[in-house]
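Please walk through this protein with the sequence and the 3D view side by side. The explanation below goes from the backbone framework to particular side chains.

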Amino acid sequence: MTLKRLAFWSLLVPACLGATQIRAQGGGMQGSSALPDACKLLPQSDLEALFPGRPVVSKGPTLSPIYKGPQYSEGCMYMVKLPSPTSKLETAKFTTVTIVQWGGETEGVNGSKATFANMRSTREKIVADPSLNRHLEPASGIGDEALLETSSSEVKVSVRKGDLIYVLNLDIYSPQSQPNAVALAKQVAARWKEGVGMVEATAPVATNNSVDIPEDTRTSSVAPVDQWPDACALLTPEDVRAIFGDMKIEPPRKTMGQIKFESRIDRVEALPKPIRCFYQTSRADLVNGERHFVTHDVTLIVSNVAATPELSKKYYQVVRKVGEARTELSGLGDEASINIMNQIYIRKGLLVVEVHVGGGDRDQAIHDDATRRANELAKLVSAKLH
């Protein structure tokens, strides 16, 4: 390369670099003081005012790419820890602000107005897809023009304030989420002045007195307590005598139960009727001149009353699998099965019950007799199920 060409490139390269630097700094706003700072446009104190008493954690700034020229804080993220409506744990919700464009011209093909118009057109095409379940509308009172976009998971506010374009995202938490996002977006706009850069906001962000905790909207998987039947009405002493008439039968022992509703604040509701009814039966047999006692534990358990038939079917499949009830039985409710321990699971509508005859685990003849009695008892119980 000749000396003449070297001289040409030595003049051209600094000129190109200089032009790049001026565009990055915003068309005439010189010095680092003119560079935007996302974490100063959206300080942590704003979130603390809107989420009083809740921990706010700064995740720090995100620097702009080096190809944009002198680096600045292009984005900022905060995490707010909020009470979960469905458990005792806290849930993390995020707030971010991202600077899309700044410091250039307002008018013209590449100006902020044209850029924001392109952003609007893009978002309109996206929300037009009904499967995304997103809503877009203009938002007044924020900068020079703004768009408010909502979905089931977030609130997005896109704003143009003079030569500055930014997007603020806030995770959905409660009905407070949208007004909080709007309030934060307004404060960002108030801290920017075209041709000057960042300025002090004239008024602080609005303060909430408390944080809304959304209601637990989950529906219970079980039926109300007044719909649970009496286990000892499904298996009465008369039923047991009909099958175990050759044995001594002790009075029934009842077990009460309760339903625990787990949420941010657990709630326990007692069942008014017993969910377990237990009978002890015994008989003394004379074998080779010696007395041998045969005993059977006869039990009925109301395993579950589901809120819907679909949930009842799922519950039955779970207890059947856990109980290893591999043999299906016909003529007992909607579904029934028995395992090798003479436990019979019956589903009828919303109800799942267990009928069990224990005893004879080490004597095949007694065990087979218990199986027969369990099946006969299950028929009596099934006839009472609704």
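What follows takes the sheet, then the helices packed on it, then the aromatic rings and the disulfides.

This is a predicted model, in which local features need pLDDT of at least 70 and side-chain atom pairs count only at pLDDT 80 or more, while totals for chains, interfaces and linings use all residues. Residues are numbered from 1 along each chain as its sequence is written, and side-chain values use heavy atoms, with hydrogens and water left out.

The framework to begin with is an open sheet of seven strands, ordered 1-2-3-7-6-5-4 and paired in the antiparallel sense. Helices (H or I, at least four residues) and strands (E, at least two) are DSSP runs numbered from the N terminus, and two strands are taken to pair if DSSP finds at least two bridges between them. In general, strands of a sheet pair through backbone hydrogen bonds, either parallel or antiparallel. At the edges of this sheet stand strand 1 (56-63) and strand 4 (135-138), each of which pairs on one side only. Averaged over the sheet and with direction ignored, neighbouring strands are turned by 15° against each other; axes here are lines fitted to C-alpha atoms, for helices over the stretch in contact, and angles run from 0 to 180 degrees between N-to-C directions.

Strand 7 is a useful place to look at the pairing in detail. Strand 7 (residues 164-171) pairs with strand 3 (residues 90-101) in the antiparallel sense over six bridges, and across this pairing Ile99 stands opposite Tyr166, while Thr95 has Leu170 as its bridge partner. Strand 7 is also joined to strand 6 by eight bridges, again antiparallel, with Arg160 matched to Ile165 of strand 7. Strand 6 and strand 7 form a hairpin with two residues between them, and Gly162 in the turn has a positive phi of about 65°. Of the eight residues in strand 7, seven are buried, where buried means under 20% relative accessible area, exposed over 50% and partly exposed in between (1.4 Å probe, protein chains only).

Towards the edge formed by strand 4, that strand pairs with strand 5 in the antiparallel sense over four bridges, and Leu136 has Glu149 of strand 5 as its bridge partner. The hairpin of strand 4 and strand 5 has six residues between the strands, and Gly141 takes a positive phi near 80° there.

Two helices can now be placed against these strands, contact meaning heavy atoms within 4.5 Å. Helix 5 (residues 177-190) lies across strand 3, strand 5, strand 6 and strand 7, and runs at about 155° to strand 7.

Which aromatic side chains come together? Tyr72, Trp102 and Trp192 form one aromatic cluster. Rings of Phe, Tyr and Trp (its six-membered ring) pair if their centres lie within 6.5 Å, and planes under 30 degrees apart count as stacked, over 60 as edge-to-face and the rest as tilted. A search of the whole structure finds two aromatic pairs. In one, the rings of Tyr72 and Trp102 have centres 5.5 Å apart and planes at 75°, so this pair is edge-to-face. Tyr72 lies in the loop between strand 1 and strand 2 (73-83) and Trp102 in the loop between strand 3 and helix 4, so the pair ties together parts that are 30 residues apart in sequence. Trp102 and Trp192 have ring centres 6.4 Å apart and planes at 85°, so they too are edge-to-face. This second pair links distant parts of the chain, since Trp192 is in strand 8 (residues 192-193), 90 residues from Trp102. Tyr72 is buried, with a relative accessible area of 5%, and both Trp102 and Trp192 are buried.

Finally, the structure contains two disulfides, a disulfide being a pair of cysteine sulfur atoms within 2.5 Å. Cys39 and Cys76 have their sulfur atoms 2.0 Å apart, and the torsion about their S-S bond is about 100°, so this disulfide is right-handed. Cys39 lies in helix 2 (residues 38-41) and Cys76 in strand 2, so the bond ties together parts that are 37 residues apart in sequence. Cys232 and Cys277 form the other disulfide, with sulfur atoms 2.1 Å apart, and with 105° about the S-S bond this link is right-handed. Here Cys232 in helix 6 (residues 231-234) is joined to Cys277 in strand 14 (residues 276-287), 45 residues apart. Both Cys232 and Cys277 are buried.
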